[in-house]
Every structure is written in structure tokens, then in C-alpha cells.
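Reader: Hi! I have a protein model open on my screen and would love a friendly, close look at its aromatic rings. Could you walk me through them, and then through whatever else seems worth a visit?

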Amino acid sequence: MDLHADLTQRALLDTNALAWSASPMAGVERRMLDRRGGEVARATSIVRYAPGSRFERHVHGGGEELLVLEGTFSDEHGYYTAGTYLRNPVGSSHTPFSDGGCTILVKLQQMHPADQQRLVVDTTNAAWVPGLVPGLQVLPLHAWGSEHVALVRWAPGTVFQPHGHPGGEEILVLAGVFQDGQGSYPAGSWLRNPPGSVHRPWSEAGCSIWVKTGHLPATLGPDGSEA
């Protein structure tokens with residue numbers, strides 16, 4: 001399957017309007033955002049676990065990155081409540097489940113194999129730092145090679161300077177309305193700006209976003225090697 005798989009093209013989706021599709025495991029459904037491949041694929045999805053559902057044990061050959069949006073996601077290593085950011089590196093394995101149900105943002109097969117740090121961040125208790133302009137607060141989540149991942153809060157009326165993304169940018173709007181010269185993006189919007197894109201973002205009403213940069217078409221290691 002190829003779905004928004006051309007990483008040189010801009011992509012924009014209202015994830016709230018997408019239909020849920022079944023996964024191979026009963027009770028686990030997904031909204032596919034981008035995908036290249038079959039059941040094992042380079043993929044970005046919103047995944048929903050019904051209460052009591054679980055996945056069989058599996059290996060992440062290309063790594064797994066996720067953000068818990070609602071409920072509690074679990075595996076044999078722990079319980080991850082809403083707001084938890086989790087990275088399972090290339091070659092890791094686990095048996096995920098959710099006792100009470102959950103919704104998560106998941107990215108698969110998109111990690112550099114040399115980035116081997118397993119990471120769990122409870123963003124509800126982490127320290128935010130001032131951003132580059134007044135009204136902006138940033139919670140860095142991960143940085144390795146060309147890749148940077150963060151949560152960003154925009155106070156109402158915050159305007160950022162025009163800037164480019166040599167390695168692309170991906171955004172999920174978590175709350176409020178994010179804006180740039182091409183549109184307004186309410187909560188649930190997923191936006192992918194390709195490598196070399198330029199924009200000047202702002203937020204009139206304020207917003208919170210998950211943002212990832214420097215990973216398109218692939219994360220470059222500190223030595224310049226490609227994933």
C-alpha cells in the first residue's frame with residue numbers, strides 16, 4: 001500500500017474525519033496517515049485499542065515511536081498514561097495491550113538503526129523551556145542526528161519568524177488552532193511539510209502541537225549516515 005508515501009509532497013489530513021480500519025488483532029483499529037508497504041510497513045497512524053485488547057509479541061525491525069493521546073497504553077515494561085512519549089529502538093520487541101482502552105499516535109519503521117536509546121517521557125511532569133519567540137514554550141522529547149521531536153505550546157497571538165525545514169517537518173495539532181500562510185489547522189490536524197519547505201506559523205487562539213523535524217526523507221546520523 002502507498003498512502004501519502006511521496007515524502008517530497010506536502011500532506012494534510014483531518015484525523016478526526018478519517019474512518020477507522022481493522023488491524024490483524026481484534027479490538028485494535030487505526031486511522032492511516034501515511035504508509036508504504038504491507039502489514040509490515042513504514043507507517044504513521046492513529047491507533048485505537050478497545051478495553052482489554054492486545055497485540056501479540058512482535059519485533060520492531062525499524063523501530064517504533066508513539067505518543068499516548070488518550071487512556072493508558074501498556075506492555076510488559078510498564079503502563080503509559082495520556083501524554084507519555086515512548087520510543088522503542090530498532091530490534092526491540094514487546095507485547096502491547098490496554099486494559100481500559102487508549103488512543104495513540106504511532107510511527108513505525110522510521111528510526112535510524114544506530115539510535116538505540118529506549119525512551120519514556122511523561123510529558124505531564126516534564127519541564128518546559130522558553131521558545132525562540134515570546135509566547136512559545138517547548139518541551140524537547142528527543143534529539144539524535146538530524147531528528148528533533150518536541151511538544152510546543154503557543155500562547156494566543158504568538159507569531160514565529162519565517163523559516164525553512166531542510167529535513168522536513170511533521171505536526172499533529174493536539175489542542176487549539178495552529179496556522180500558517182497555507183491554512184488554519186484545528187486539533188486533530190496532521191500536517192507534513194516536505195524537505196526544503198518554508199513557512200511562517202502563528203496561532204491567533206493558541207494551540208499545542210507535537211512536532212518532528214529533520215527526519216524526511218530519512219533521519220541522518222551524527223556522522224551523516226542515512227537510516
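Author: Here is a tour that begins with the aromatic rings and then moves on to a loop residue and a cavity. Please keep in mind that this is a predicted model.

Let's start with the rings. The structure holds 6 aromatic pairs. One of them joins Tyr 79 and Phe 97, whose ring centres are 6.0 Å apart, with 85° between the planes, an edge-to-face arrangement. Tyr 79 belongs to strand β9 (residues 78–81) and Phe 97 to strand β12 (residues 97–98), so this pair ties together parts that are 18 residues apart in sequence. The two partners are also worth viewing with the surface switched on. Tyr 79 has a relative accessible area of 56%, which is over 50%, so this residue counts as exposed. Phe 97 has a relative accessibility of 10%, and because that is under 20%, this residue counts as buried.

Next, turn to a group of rings. Trp 154, Phe 160, Phe 178 and Tyr 185 come together as one aromatic cluster.

Rings also meet charges in this model. Arg 153 places its charged end over the ring of Trp 128, at 3.8 Å from the ring's centre. In another such arrangement, Arg 48 lies over the face of Trp 20, and here the distance to the ring centre is 4.1 Å.

Now for the loop residue. Glu 56 is found in the loop between β6 (53–54) and β7 (58–60). With a relative accessible area of 53%, Glu 56 is exposed. Leaving aside residues up to four places away in sequence, Glu 56 touches Met 25, His 94, Thr 95 and Pro 96. You can also check the spacing to Pro 24: this residue is 32 residues from Glu 56 along the chain, and their C-alpha atoms are separated by 9.9 Å.

Last comes the interior space. The structure holds 1 cavity of 30 Å³ or more. The volume of the largest cavity is about 40 Å³. To find its walls, select Gly 63, Glu 64, Glu 65, Arg 87, Lys 107, Gln 110, Met 111, Glu 147 and Lys 212. Sorted by class, this lining has 6 charged residues, 2 polar ones and 1 nonpolar one. Met counts as nonpolar, and Gly is among the polar residues, so Met 111 and Gly 63 are good places to begin when you colour the lining by class.

Terms used
Residues numbered from 1 in each chain as written. Predicted model: local features only at pLDDT ≥ 70, side-chain atom pairs only at ≥ 80, totals over all residues. Heavy atoms only, no water. 1 Å grid on protein atoms, 1.4 Å probe; cavity = no way out; pocket = protein on both sides within 12 Å on 5 of 7 lines; lining within 4 Å. Points joined across faces, edges and corners; volume = space filled by probe spheres on them. Helix = DSSP H or I, 4+ residues; strand = E, 2+ residues; numbered from the N terminus. Buried < 20%, exposed > 50% of the residue type's maximum accessible area, 1.4 Å probe, protein only. Contact = heavy atoms within 4.5 Å. Phe/Tyr/Trp six-rings, centres within 6.5 Å; stacked < 30°, edge-to-face > 60°. Lys NZ or Arg CZ within 6 Å of the ring centre and 35° of its normal.
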